Amino acid sequence: MIRNVLITGTIIIVQSLVGLNLFAQKIPVQVTDLLKISRAADVQLSADENYVIFSISNIVSDSSARSNARPSGNFGRREGGNGAAIGDSQGGGLEYAYKRELWIIDLKNNNTLSKLDEKAEGVNQPVFSPSGKQFAFTRNVKGVSQIFLYTLSTGRTKQITDLKYGASGLKWSPDGKRLAFISNFTLQQYVKDYDDIFAGLLVDWRKENQDVVQTVLRPKVKPDPNGSDEAIRAYLQQNEKDQKAKVIARNSSNPEESPREIDQRLSHIFIIDTISGSQPKELTNGLLSFSNLIFAGDTRLFVNVRGAGEGNDNPAAEELSFGSVYSVNTDGSGFHSFLSSSKESYSVTAASSTGNWFAFQRSVPGTVNVTRTYVKDLKVKDGKVYPISIDRSLSNLKFIPGDKEIYFVAQENGGNTLYRGSWTKDKYERLTVEDEGVSDFDIQHNTVVYAKTTAQNPSELFLNIADGKKESRLTQLNTEWLKERTLSLPEKHKFTNELGLELEYWVVKPVGFDKSTKYPLLLEMHGGPASMWGPGEQSMWHEFQYFAGKGIGIVYGNPRGSGGYGEEFLRANKSDWAKGPSRDVLTFLDRTVAQGWVDTTKLLISGGSYAGYLTTWILAHDKRFLAASSQRGVYDFKTFLGEGRVWHIIPRYYDGYPWTPKVGKLLQEESPINYVEAINTPLLIFIGENDTQVGVSQSDMLYRSLKLLGKPVEYVRHPGAGHEVTRSGDNRQRIDQMLRTYEFFERYLSADKNIR
């Protein structure tokens, strides 16, 4: 039996003691514990500081994904006990699905917690009204995202939209009377549905865009390959419609993903009166796409607009997608550019509810740089701009009521740290430590609530006072099942490289570490190359603990070029993806080996994306590794230009293209495919068959080259998987990759090489 109890203000689930082994020993983290991890997100705090709403993401048996059961593992033990095997009677089958639900915490009533709706599925984007008496959220209705309102006093939910193309990005006006949102549709849908759905604009957009309208509405003549020019064009367009041809109309990220011109997607801003229940009104129009709408007062909105910088002579400008900030009034008038440049990209990040202050970010597309954040005074024309002088990437900026302080998250030194401070004084203080990862938060006058990852726990929700000095945990999403696991906590180390950069790395010793024993050591590396790892990194929490539980030590860190250490550090791998970063990560390895507990005949190496590239480069230039795994990597820069969706990373880091003599020579020298003859370490290669980020042929080429040379190599392709397979992909494939990597390593670690 299961019952709810209150313990220090937090709800947990207590199981009947019948059949429970009170003396069960702890075990290491299992591979199937991946399915037990619950994550908190979408954090919202009511204006009166009495309620918190947030979402919980779980992985559940596919057969029960639509059940009304309490979220498995959220506030107690998950069914299946210690490491229940996939497919056993408790595990619930082979297939697993992601499930998200909204929950409410009543802070004034002993932090009691309840689920929004026992039948709710597909809920997203909760956002409190300014009064705190209700909140809006979206839920799929017949496959389309619609807006709902939930009233706290009655516990009732009301659907307020019946949109053809759905809603996202909900934002309340400060007076709580209106909701603005984004709707997405294709160009063809926009033109054909204009009169029925998008009517009422001050300017008829179609009159100014007759060429586009005619392209979409054709053919007016019968398609005929032997007819007039118009009939031939109609015939060719029919071929496109029937998917016999695909015309690439722009320098898209990847031709395989490029839609036809008429299928290009647009994102426009709409607003709806939540009190009168009127129909939504479109505030934007034309061939622009808008995002991240922000209210600045009750009658004005700022929005981001994506598009090539006007007058920019960069041949990749279209792909780089320069951003501008536009302003529009809530009645649709006053639409104009507020911040724009032909060389820089701007984006709105926050505005105060009074409309007096506006926060924005500036970056330079096509270059390696840390995005800079500023706050502008809107009280007067051409108001002063205040830079936030923290040399880190900042996100999730929020003004507190009263316009006195601003809160934000900074990516720094292995964690995502919560800050607060004054933009006029340019003084800020940390509210959380560097080694933790704040993934989402909300702030009101005296209270802050945030979701956080620590080395001890992949995700929990925390309550704190505004100065960060009284933290308490609100949830036990993972604490109960973790009580039955033995973890190995990372140890932080530092050194200074030949460039004078201070580098940080972490060592995770094997579970049950005995200083008299020698252990295998796995060098794990992050992608990007501008990513950052640390104890507050959610995506690697389980993998690090799993390998440590298998008796393998792990060392990981942030080499030159990583994010989180400032612009000089970030740019330190310009025109050098290989030699410099490899020296850094191998120094992580050497310094860990110097601790004396590593078996140097059992060194392993693994990395994905950019780190798949770096893994392969290192194997061709360093012979010490027993076995290696490279996932979704780039191995040949020349072919990457024509295949990878992020091809523009080449000119960004190397200031040129493969056909440029100097740059072409360097790209050839830094492409691991050109050193395959020197690779002798057993290598396991992974790629998702739908990975357009780097392209499948990169891995095909590496495997085929090594196979032709008679080198020890194995190749695994995951059907239907994309670049994010290990973070958010199919859960069987996530487990498969981790387990297959372990099995491959174990084959070479074991004295018996004939495991199979």
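Student: In helix H13 (residues 661-669), which residues are buried?
Tutor: This is a predicted model, in which local features need pLDDT of at least 70, side-chain atom pairs count only at pLDDT 80 or more, and totals for chains, interfaces and linings use all residues. Residues are numbered from 1 along each chain as its sequence is written, and side-chain values use heavy atoms, without hydrogens and water. Helices (H or I, at least four residues) and strands (E, at least two) are DSSP runs, numbered from the N terminus. Buried means under 20% relative accessible area and exposed over 50%, with partly exposed in between (1.4 Å probe, protein chains only); in H13 the buried residues include Val663, Gly664 and Leu667.

Student: Why are these buried residues on the same side of H13?
Tutor: The arc is taken from the directions from the helix axis to the C-beta atoms. On the other side of H13, Pro661, Lys662, Lys665 and Gln668 are exposed. Val663, Gly664 and Leu667 lie on the same side because they cover an arc of only 100° around the axis.

Student: Which helix contributes the largest share of the largest nonpolar core?
Tutor: A nonpolar core is a set of buried Ala, Val, Leu, Ile, Met, Phe, Trp, Tyr and Cys residues joined through side-chain atoms within 4.5 Å. The largest has 90 residues, and Leu523, Phe547, Ile618 and Phe625 have the most contacts inside it. Its largest share, eight residues, comes from helix H10 (residues 610-621).

Student: Which residue in S14 stands opposite Arg178?
Tutor: Two strands pair if DSSP finds at least two bridges between them. Strand S13 (residues 178-186) and strand S14 (residues 265-273) run antiparallel and are joined by nine bridges. Opposite Arg178 stands Asp273.
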